[in-house]
Amino acid sequence: MKFKFEKKYLYWGITAFLVIAASIFFYYILFHRSNLSSGIRTLIGISMPIIDGFVLAYLMTPVLNKIEDKIIKPIYVKAKVPITPKTKKRMRAMSILVTIVLILIIMYEFFGLIIPEVIRSIQSIIFQFPLYVNNLSNWALGLMKNNPDLEDVVNGLISQYSSKLLDYLNTNLLPHINELIKTLSLSVIGVFKALWNFIIGFIISIYVLGSKEKFAGQAKKIVYALFDRKAGNEIVTNFRFIHSTFIGFIGGKIVDSIIIGIICFVCTSIIGTPYAILVSVIVSVTNIIPFFGPWIGGIPSALLVLMVDPVQALYFIILILVIQQFDGNILGPKILGDSTGLSGFWVIFAITIFGGLFGVLGMVVGVPIFAVFYAGVRASINRMLQRKELPTDIHPYMTVGQIDESKVFTEYVPPVKKKKKKEESRDNETSNPTRK
């Protein structure tokens with residue numbers, strides 16, 4: 001008897017295989033997480049140049065598109081050169097060359113101006129650190145001399161925690177000094193390795209920029225091959241939304257931070273803040289982190305200024321508060337607009353969660369990632385409400401008590417508490433004064 005093959009047996013076999021593979025994978029995750037995480041870290045470390053290349057290409061794409069559309073293409077159009085595939089390749093090559101040269105010039109001018117000043121400031125801080133500590137000590141002693149109660153409190157705190165500090169130095173820090181040196185050495189090696197990965201990634205980004213339409217076309221081809229037309233269109237639309245959210249937020253935040261750094265440098269130079277360039281660079285770099293960035297950069301900068309001149313530290317703190325309000329209420333919304341669509345609470349929530357999971361990088365990219373997740377959940381909920389023929393706007397639900405069968409919203413009315421018997425009798429006597 002000839003065996004007749006049926007597709008259902010193939011489907012059963014594939015289903016059984018996937019179930020067994022998923023069970024093994026779940027068991028491995030549950031009981032061998034360290035090996036799995038170590039393997040993932042090794043894979044990420046090997047792939048880091050490629051990841052850097054794609055990230056650099058992604059960040060340079062808006063600049064490349066502007067140069068190609070506004071400069072290179074009009075030149076070819078004015079010269080009446082026919083736009084053939086070969087011409088497009090030449091245009092792309094010229095656009096990439098102009099983009100790279102422009103970015104390198106900006107980086108060279110920026111770092112050529114900033115880095116020497118920052119190095120001089122750090123050297124000055126190191127050489128004059130004992131003098132700054134002495135000045136700060138004299139200022140603190142003078143302040144406590146004029147306030148005896150404050151002096152008693154400070155002396156009590158010093159006597160209370162000095163023994164704990166010495167105990168920590170003797171029992172924890174000194175025995176592990178070799179490990180600390182080893183960690184610092186590995187950190188230096190890690191910096192050089194990251195720099196090498198960045199150089200390789202920069203070279204890879206040139207090839208990615210040259211074929212970015214081809215990569216995008218291949219990705220869309222895979223999507224439409226795996227999903228039906230409706231699902232494929234929705235996936236492509238969602239990826240376009242993710243791209244616009246990310247590039248709008250990251251690009252806008254970089255521009256915003258550069259402007260804040262320039263404003264901080266101009267203002268600190270006017271009021272005579274020590275190490276104006278150094279503190280402005282710190283404030284500008286940390287301002288990329290939403291919400292918490294100005295405080296992360298402002299607090300150590302204020303402590304640095306405090307060691308040199310306590311009065312200038314007070315002026316600097318007031319300046320940072322003014323700049324933070326200007327950035328949060330005027331400049332930031334003007335540049336970023338509503339690129340994330342998140343309220344202040346969700347911004348803090350995203351920064352806290354992603355910062356705790358992924359550190360500083362999570363604090364930077366956490367807001368756009370959560371904005372994409374938030375938009376996806378909101379779209380799913382709106383589709384469910386539309387199927388039930390209910391409004392998707394938030395305002396009708398803010399005071400709703402219930403929705404009847406005809407989909408009419410009834411406002412919530414809080415119940416009125418019943419009066420006690422004594423209060424009722426008192427009210428009756430008040431309303432009928434003639435009654436004996």
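**Exercise 1. Determine whether glutamate 213 is buried, partly exposed or exposed, and identify its salt-bridge partner.**

Step 1. Glutamate 213 has a relative accessibility of 43% and therefore counts as partly exposed (buried means under 20% relative accessible area, exposed over 50%, partly exposed in between, with a 1.4 Å probe and protein chains only). This is a predicted model, in which local features need pLDDT of at least 70 and side-chain atom pairs count only at pLDDT 80 or more, while totals for chains, interfaces and linings use all residues. Residues are numbered from 1 along each chain as its sequence is written, and side-chain values use heavy atoms, with hydrogens and water left out.

Step 2. The partner of glutamate 213 is lysine 212, with the closest N and O atoms 3.1 Å apart. The pair meets the criterion for a salt bridge, a side-chain nitrogen of Lys or Arg within 4 Å of a carboxyl oxygen of Asp or Glu.

Step 3. Lysine 212 has 18% relative accessibility and so counts as buried.

**Exercise 2. Locate the two partners of the salt bridge between glutamate 234 and arginine 383.**

Step 1. The closest N and O atoms of glutamate 234 and arginine 383 are 3.5 Å apart.

Step 2. Glutamate 234 belongs to helix H8 (residues 229-271) and arginine 383 to helix H12 (residues 344-387), so this salt bridge ties together parts that are 149 residues apart in sequence. Helices (H or I, at least four residues) are DSSP runs, numbered from the N terminus.

Step 3. Glutamate 234 is partly exposed at 36%, and arginine 383 is partly exposed at 35%.

**Exercise 3. Describe the salt bridge of aspartate 256, then state the total count and the network.**

Step 1. Aspartate 256 pairs with lysine 253, the closest N and O atoms being 3.7 Å apart.

Step 2. Both residues lie in helix H8, three residues apart, about one turn of the helix.

Step 3. Aspartate 256 is buried at 0% relative accessibility, and lysine 253 is buried at 9%.

Step 4. Shared partners join Glu68, Arg92, Lys212 and Glu213 into one network of salt bridges. The total is five salt bridges.

**Exercise 4. Explain why cysteine 264 and cysteine 267 are not bonded to each other.**

Step 1. A disulfide is a pair of cysteine sulfur atoms within 2.5 Å.

Step 2. The cysteine sulfur closest to that of cysteine 264 belongs to cysteine 267, but it is 7.2 Å away, too far for a bond.

Step 3. Cysteine 264 is buried, with a relative accessible area of 0%, whereas cysteine 267 is partly exposed at 24%.

Step 4. The structure holds zero disulfides.

Conventions:
Helices (H or I, at least four residues) and strands (E, at least two) are DSSP runs, numbered from the N terminus.
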